[in-house]
Amino acid sequence: MADEVMRLEMKNISKSFGGVHALQNVSLSLRPGEVHALCGENGAGKSTLMKILSGAYSRDTGEIFIDGKPVNIKNPKDSVDHGVSIIYQEFASVPDLTVAENIFLNHVRGSKNVINWKQLNANAKELLDSLGFGQINPKSKVRELTVAYQQIVEICKALSTNCSILILDEPSAVLANAEIRQLFGILRKLRDEGKSIVYISHRLDEVFEICDRITVMKDGQNAGVVNTADVTEKQLVSMMIGRDLESYFPERESHIGDVIFEAKDIKAGKMVQGVSFKVHKGEVFGLAGLVGAGRTETVRAIFGADKMESGQVFINGQEIKHFSPRNSIGNGYALLPEDRKRHGVLLNLPILYNMTISCLPKFCSGGRIRKAEERKFGDKMVDALKIKIGDKMDNTSSLSGGNQQKVAVSKLIASDCHVYILDEPTRGVDVGAKIEIYKIINDIVAEGNAVIMISSEMPEVIGMCDRVAVMRNGKIAGELQKEEITEQNMIELSMGVNKV
Ligand SMILES: Nc1ncnc2c1ncn2[C@@H]1O[C@H](COP(=O)(O)OP(=O)(O)OP(=O)(O)O)[C@@H](O)[C@H]1O
Ligand SMILES: [Mg+2]
């Protein structure tokens, strides 16, 4: 076989941040017209490798070739000029600009320094229509969109340049099934046009569905390249984590007790139109439904993060009178928010402070923080969740996406509540660490407390929940008991399909 010219070759790339060797002699090659997965645990170096390709980071050593020619990528512009387009894991959109402005941010067209707004909006509309997202208004502020739509805007932005290499760093983490299907349709079309796509995801079912080949990274190094058709999911997991994984969901014997939490006829805006449910001690209760069904809005209203118009909340039979996040935690229930970057962690604070910020009084006496105890708690969480960090006092922004999520989980656990509301708790978290989070959930309910879980990953809902309420159009469409929780039943309820 003649030597095939690769679309992209990254050879022996190394990168350190202070003492952290994020990448050591890592190589990656992409064929023209392939979807190539980059897999590995949280902190393995996937995003760093892609940021070197996109010019966001400079490399310490190594070479990059595009279509057989050496290229020197020193900044994001060099990368765009070489046909590389990237969708970052952490949103890079500007919330106060409109959809159209964000899409064309890097190459706003106009003449004589005057922007033709009409044209800009029309171009954005055309792009959104062509991708099947005509429902998004180009003139809306990005801040007003749901995270799923914000992600779609990012995708449009990446596609607004005529790229030959497209990088998607966990694009599906905030998308629901229908949108993922749409995204895959777009990716297949781009692949057939000969573009090369790097797809980073912790959802292995997606990797097996859409990717032709897989490069596995472990601890900043290459751990192998395989054709997707030649490996099983089990083999891939063991390449990623360096050992076999017996089961994705740790065993739990449910001991369901009395009602600990009740929400009655909650109304909040258009998305929450009279939601009622009860949760028992020792129970993992799932809130399922399509994106836009009102799950996040419901729990945010209950927690006091958004305004509740009417409704009642009871914890241990006591009615909650004033709703605010602080009161909620004081009353014994806490929320892990869906949007990590905006609500979950304070990126510019040290990792340790993030973990203890919601429960500082616990570590205080005589007006002082008991530093040693605070540090001990930090060590315990780093250990329990296997958080990959340099130092606990580093800024949280230096962590990989999945590790930031683990910090958000630790922060929640520190609050010592009785009811934990978890909105997409394992978003962006690798397979091994997911199990650690499931164990924490099991520990919470084993102590007689309760968990309310929102998850877009159906296997997770099926594997973890004792009971599920499926939401549709701002209301509970139906409830499923443990043995009834199947993908089919949840889809039927969430889409309003009536059983005969
Ligand atoms: N700006 C930075 N400063 C310091 N350390 C960093 C920085 N960016 C990344 N790192 C470190 O480099 C390592 C690799 O991180 P990277 O974000 O590439 O991981 P990842 O494979 O993308 O993980 P995830 O699946 O969680 O997104 C981690 O140890 C991370 O803490
Ligand atoms: Mg990453």
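Where does asparagine 12 lie? Asparagine 12 is found in strand E1 (residues 8-17), and this note starts there before moving on to the helices.

This is a predicted model, in which local features need pLDDT of at least 70 and side-chain atom pairs count only at pLDDT 80 or more, while totals for chains, interfaces and linings use all residues. Residues are numbered from 1 along each chain as its sequence is written, and chains are lettered from A and ligands numbered from 1 in the order in which they are written.

1. **Asparagine 12 and aspartate 265.** Most residues other than glycine have a negative phi. Asparagine 12 has a positive phi near 50°, and aspartate 265 also has a positive phi near 50°. Aspartate 265 sits in strand E13 (residues 259-268). Strands (E, at least two residues) and helices (H or I, at least four) are DSSP runs, numbered from the N terminus. Asparagine 12 is partly exposed because it has 14 C-beta neighbours inside 10 Å, whereas aspartate 265 has 11 and so counts as exposed. For these words, a residue is buried if 20 or more other C-beta atoms lie within 10 Å of its own, exposed if 12 or fewer, and partly exposed in between, with C-beta atoms placed from the backbone.

2. **Helix H4.** This helix covers residues 117-130, and its 14 residues reach 20 Å from first C-alpha to last, close to the 20 Å expected at 1.5 Å a residue. The expected span is 1.5 Å times one less than the number of residues. Leu120, Ala124, Leu127 and Leu128 are the buried residues of H4. They cover an arc of only 100° around the axis, so they fall on the same side of H4; the arc is that of the directions from the helix axis to the C-beta atoms. On the face turned away from that side are the exposed residues Lys118, Glu126, Asp129 and Ser130. The cover over the buried residues includes helix H3 (99-103), strand E8 (114-115) and helix H5 (147-159). Just after H4 comes glycine 132, with a positive phi of about 85°.

3. **Helix H6.** What should the 16 residues of helix H6 (residues 177-192) span at 1.5 Å a residue? The expected value is 22 Å, and the end C-alpha atoms are 23 Å apart, which agrees. Glu179, Leu183 and Leu187 are buried in H6. Their arc around the axis is only 75°, which puts them on the same side of H6. Facing away from the buried side are the exposed residues Arg181, Gly185, Lys189 and Asp192. The buried residues pack against strand E3 (35-39), H5, strand E10 (196-200) and helix H7 (204-210). Glycine 194, just after H6, takes a positive phi of about 95°.

4. **Helix H13.** Here the 14 residues (371-384) should span 20 Å at 1.5 Å a residue, and the end C-alpha atoms are 20 Å apart, which agrees. Glu374, Gly378, Met381 and Val382 are buried in H13. Because they cover an arc of only 100° around the axis, they are on the same side of H13. The face turned away from the buried side has the exposed residues Ala372, Lys376, Asp379 and Asp383. Helix H12 (351-356), strand E20 (368-369) and H14 are what the buried residues pack against. Lysine 386 follows H13 and has a positive phi, near 50°.

5. **H14 with H15.** Helix H14 (residues 401-413) packs with helix H15 (residues 431-446) at an angle of about 10°, their axes 12 Å apart. That angle makes the two helices roughly parallel; angles under 35 degrees count as roughly parallel, over 145 as roughly antiparallel, 65 to 115 as roughly perpendicular and the rest as oblique. The contact involves Gly402, Lys406, Val409 and Ile413 of H14, and Ala433, Ile437 and Ile440 of H15. Two residues are in contact if their C-beta atoms, placed from the backbone, lie within 7 Å. Axes are lines fitted to C-alpha atoms, for helices over the stretch in contact, and angles run from 0 to 180 degrees between N-to-C directions.

6. **Glutamine 89.** Is glutamine 89 buried or exposed? Glutamine 89 counts as buried because it has 22 C-beta neighbours inside 10 Å. Its place is the loop between strand E6 (84-87) and H3. Leaving aside neighbours within four places in sequence, glutamine 89 is in contact with Ser47, Asp169, Glu170 and Gly401.
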